[in-house]
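Here are a few exercises to work through with the model open in your viewer. Try each task before you read its solution.

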Amino acid sequence: MDNPFRPSAGATPPEILGRSGVLDEFEYGLRLGAGAPGLLTIFTGARGIGKTVMLGAAHDAAREQGWAVISETATEGFMGRIGESMRGLAEELGTGPQSRRITAISAAGFSITTQLPPERQVAWRTLGVELLRLLDERKSGLIISVDEIHAADRNEIAQLAASVQHFIQDRLPIGLVFAGLPAAVSDLLNEGVATFLRRADKIDLHAAAVREVEDSYTATFRQAGVSVSPGLVRYAAEATGGYPFLIQLVGYFLWREAENNDGALTAEEVDLAIRAAHRRHARTVIEAALSAASARDMDFLRAMADDDGPSTAADIGRRIKAKTNLVANYRSRLLAAGLIEAAGHGKVDFAIPGLRQHLRAQTGT
């Protein structure tokens, strides 16, 4: 067997753990069609928790039901790119005069680097209506997914939300699936940029149970004929904390160690695999997440790292010698960046597994 683990951003893992039933409402919505509440879904969660993987699972479910899918990331100009994709689908489906009409509507194209100006918004919406009617005739529909909406231009999000709302009001078969960091998504919904999205099914993704990870590792390595004791499998599963990206990383390196050791894993190989996984996690997730943090943001985070669990605003302020209003500003910025999360009244904790240990290693504490 080839190594089944896929520790890459958005790559589909051999098994999606801890997500049983998450897509039930969405899949039911695909069967009901236009206006079904499950067709508006927002996935939130920490970096590496599996938001993009869940978008992929939603795409698969939609295609299995015969729906068309347009998948985008919320970088600048995503509305234009969605428009181009809609035009391509419409031209594939359209026949005769209708196809020519659709092509004429969008002849100037949508691929621009800023939000659509008013006249192109009208063309975008008209094209969407034509496409959705074609799909509706075929007992199908369209799912639009947008990843990383925490980074989105608010005007583009507002344009997309307004258009989709009109499609829903016209009882056209449209679905919208978003993914983003929790605090940023909450800010987006509270700003009134896309008020109707407050009705969306908001799914906050959490870590899988360690026992589920253990069972999955056991089954995967047994099937491959890898010799490893139950105690070591449990130890490896605990090292992931149920965090999806680490589940893939640890599994990946365990598999490599087994390949290099004639299909057997001893305590030494398991330790090597876990250390390699955590190093890769630090490089690809933690350091990337910290890259945009300011010097004062880092002071805030290092002050949190002094605690073994959640930190209070008062303790952080005392350690970094900052007034209450400044602590609140840093807190808000770090929440939006997905580096920390609320942990009860007046408390915050690290949102990314291993971040505390990473910061402590940097300072030698």
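**Exercise 1. Find the loop that holds Lys321, then describe its backbone and its exposure.**

Solution. Start with the location: in this predicted model, Lys321 sits in the loop between helix 13 and helix 14 (324-336). Next, check the backbone. Phi of Lys321 is near 55 degrees, so we have a positive value in a residue other than glycine. Last, look at accessibility: the relative accessible area of Lys321 is 75%. The cut-off for exposed is over 50%, so Lys321 counts as exposed.

**Exercise 2. Do the same for Lys139: which loop is it in, and is it buried or exposed?**

Solution. Lys139 belongs to the loop between helix 5 (118-137) and strand 3 (142-147). Its phi is positive, about 60 degrees, although Lys139 is not a glycine. With a relative accessible area of 74%, Lys139 is exposed.

**Exercise 3. Work out how helix 12 (residues 295-305) and helix 13 (residues 313-320) are arranged.**

Solution. Begin with the geometry: the two axes come within 9 Å and cross at roughly 120 degrees. Roughly perpendicular covers 65 to 115 degrees and roughly antiparallel needs over 145, so helix 12 is oblique to helix 13. The crossing of helix 12 past helix 13 is right-handed. Now list who touches whom. Helix 12 brings Arg296, Asp299, Phe300, Ala303 and Met304, while helix 13 brings Ile316, Arg319 and Ile320. Sorted by class, that contact has 5 nonpolar and 3 charged residues, and no polar ones.

**Exercise 4. What is the strand order of the open sheet of 3 strands, and where does helix 12 pack?**

Solution. The order is 6-8-7, and the pairing is antiparallel. That puts strand 6 (311-312) and strand 7 (340-342) at the edges; each has a single partner strand, so one side of each lacks a neighbour in the sheet. Zoom in on one pair: strand 6 and strand 8 (residues 347-350) run antiparallel and are joined by 2 bridges. Here Thr312 stands opposite Lys347 of strand 8. Now add the helix: helix 12 packs on this sheet and touches strand 6, strand 7 and strand 8, with its direction at about 95 degrees to that of strand 8.

**Exercise 5. Classify the crossing of helix 11 (residues 267-290) and helix 15 (residues 355-363).**

Solution. Their axes come within 11 Å and cross at roughly 80 degrees. Helix 11 and helix 15 are therefore roughly perpendicular to each other. The contact residues are Ala282, Ile286, Glu287 and Leu290 from helix 11, plus Leu355, His358 and Leu359 from helix 15. By class, you get 5 nonpolar, 1 polar and 1 charged.

**Exercise 6. Which strands pair with strand 4 (residues 174-180), and how many of its residues are buried?**

Solution. Take the pairing step by step. Strand 1 (residues 40-44) pairs with strand 4 in the parallel sense over 5 bridges, and Phe43 has Ala179 as its bridge partner. Strand 3 also runs parallel to strand 4, joined by 5 bridges; there, Val146 partners Phe178.

Then turn to burial. In a regular strand, side chains alternate between the two faces of the sheet. In strand 4, Ile174, Leu176, Phe178 and Gly180 point one way and Gly175, Val177 and Ala179 the other, and all are buried. So 7 of the 7 residues are buried, and strand 4 is largely enclosed by the rest of the structure.

Note on methods:
Residues are numbered from 1 along each chain as its sequence is written. This is a predicted model: local features need pLDDT of at least 70, side-chain atom pairs count only at pLDDT 80 or more; totals for chains, interfaces and linings use all residues. Side-chain values use heavy atoms; hydrogens and water are left out. Axes are lines fitted to C-alpha atoms, for helices over the stretch in contact, and angles run from 0 to 180 degrees between N-to-C directions. Helices (H or I, at least four residues) and strands (E, at least two) are DSSP runs, numbered from the N terminus. Angles under 35 degrees count as roughly parallel, over 145 as roughly antiparallel, 65 to 115 as roughly perpendicular and the rest as oblique. A crossing is left-handed if the near helix is turned anticlockwise from the far one by less than a right angle, and right-handed if clockwise. Contact means heavy atoms within 4.5 Å. Ala, Val, Leu, Ile, Met, Phe, Trp, Tyr, Cys and Pro count as nonpolar, Asp, Glu, Lys and Arg as charged, and the others, Gly among them, as polar. Two strands pair if DSSP finds at least two bridges between them. Buried means under 20% relative accessible area, exposed over 50%, partly exposed in between (1.4 Å probe, protein chains only).
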